Amino acid sequence: MKRVTRGLLILAVVGLSAVSRVQAVPNLINYQGRLTDAVGQPQTGTPTLTFNIYTGQSGGSPVWGPQTFPGTPLVNGYFNVILGNDATSRSVATAFGQTGTAWLEIVVNGTALTPRQQILSAPYAVTAQNAEFADKASFTTVTKTASYTLLGTEDVVFVDGSSGAFTITLPSPVIPSSPRYGEKAITIKRTDSNMATALANPITILGTIDGASDWKLHTPNETYRIVRNGAEWKLLDHYARTPVCCSPDQPLTITATTTAPTKGAIVVDFIRWSRDGSYALTQIRYTQNGTGTPGSGEYMIALPQGLSIDTTRIPFLPALPVTPNNADWLGAGTVGNNLVPSVCNGIVRGGFYAVDATHLSFSGFLNTSNGCTWGSGSNSLAYARIDMGGWVRIPIAGWKD
């Protein structure tokens with residue numbers, strides 16, 4: 001997906017089309033675009049937009065313009081204007097009478113975006129390689145908060161599951177003879193930002209893509225781009241990444257194989273994660289500086305609600321003193337205390353492994369006959385000082401790369 005940087009703080013993603021489809025120079029041009037900030041988030045408000053056309057990519061005087069649109073409304077960053085007569089009543093068609101090509105400049109609240117965009121006199125579309133959706137004669141966006149069947153004419157479908165899960169149904173992959181929309185790529189993007197709500201309310205894409213039918217949008221900003229070829233829908237791109245900021249820190253839920261322990265005076269206590277395709281990159285940290293109770297058995301850590309380990313990609317092992325094979329480790333970590341510097345009741349280096357679909361346990365790299373695990377038998381929460389932490393890469397059920 002291509003974007004063009006417009007200055008330091010703004011991006012513009014645009015499409016340009018003639019209102020008239022004939023090959024004469026158009027008197028009106030429909031301009032559609034999107035304003036986002038430096039990290040890709042849509043702009044808000046009602047900016048003043050000004051348009052000029054030049055004969056060159058830089059410098060010179062405008063051959064048409066300015067035409068100004070004060071208080072232009074933005075919908076999720078998108079705007080739409082009709083370019084016609086400028087401030088001196090010159091038609092936009094005059095710009096093409098003076099040169100075979102023309103360069104469009106956009107000014108947002110007094111700041112000109114660079115670079116300018118090239119426009120050809122025929123077929124009157126933006127031809128800049130850095131313009132997203134520039135090859136389309138129209139640009140259609142819809143926002144859905146409930147079940148919806150695609151028409152096949154949409155360019156972008158924004159879906160918001162903050163009110164609950166729903167379904168987006170694909171139309172037939174057969175390409176209509178008129179109008180012919182078969183080659184149009186459709187982008188489906190999840191826009192609600194609350195991670196817990198998104199996990200609890202996956203949005204289902206109902207239909208077959210690349211021969212599979214288990215397509216869902218699980219997390220904020222997850223995006224699919226698809227196209228139909230007459231026989232089937234094909235996947236062009238899938239974006240499934242989230243920053244750590246999208247997963248709020250949660251305190252650890254620590255249980256045990258027999259009786260759960262209780263925490264002491266907490267200094268640090270969190271589990272946080274970010275999405276990387278079909279994996280959750282998870283950070284675990286726990287420090288206490290006061291005694292709790294040991295419970296009984298080996299300790300287990302619960303995954304955040306909504307995450308479940310993919311059983312087809314990782315084996316489950318009992319939460320007992322075991323020595324997992326290298327292939328069984330999900331991540332590395334340490335556990336220990338500064339009060340009892342013996343073989344295992346000191347700093348133990350080891351790793352995390354899956355106990356079941358929603359729990360992890362920890363084992364040391366040393367021979368587990370020495371008790372180098374984490375539980376009531378070693379480094380228990382009954383010690384006044386316990387430090388535990390690590391990073392885990394967890395394959396999540398239902399997620400796709």
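How many bridges join strand E12 to strand E14, and do the two run parallel or antiparallel? Four bridges link E12 (residues 156-159) with E14 (residues 186-190), and the pair runs parallel. Keep in mind that this is a predicted model. Strands make up a long list here: the protein has 26 of them, along with two helices.

**The five-stranded sheet**
- E12 and E14 sit in an open sheet of five strands, ordered E10-E12-E14-E17-E18, and the pairing is mixed.
- Strand E10 (141-144) and strand E18 (233-239) are the edge strands; each has a single partner strand, so one side of each goes without a neighbour in the sheet.
- Going from strand to neighbouring strand in this sheet, the average turn is 20 degrees, with direction ignored.
- For a closer look at the E12 and E14 pairing, find phenylalanine 158, which stands opposite lysine 189 in E14.

**The protein overall**
- Of the 401 residues in the protein, 49% are buried.
- Take the contacts with a separation of 6 or more: 62% of them are between residues 24 or more positions apart.
- The accessible surface adds up to about 17600 Å², and carbon and sulfur atoms account for 53% of that.

**How confident the predictor is**
- The average pLDDT is 79, and 78% of the residues score at least 70.
- Residues 121-137 have a pLDDT below 50, though the model gives this stretch 53 contacts beyond near neighbours in sequence.
- Residues 367-371 also stay under 50 in pLDDT, and there the model has nine contacts beyond four places in sequence.

Note on methods:
Residues numbered from 1 in each chain as written. Predicted model: local features only at pLDDT ≥ 70, side-chain atom pairs only at ≥ 80, totals over all residues. Heavy atoms only, no water. Buried < 20%, exposed > 50% of the residue type's maximum accessible area, 1.4 Å probe, protein only. Contact = heavy atoms within 4.5 Å. Areas by Shrake-Rupley, 256 points an atom, 1.4 Å probe, with all protein chains shown as cover. pLDDT = per-residue confidence, 0-100. Pairing = 2+ DSSP bridges. Axes fitted to C-alpha atoms, helices over the stretch in contact; angles between N-to-C directions.
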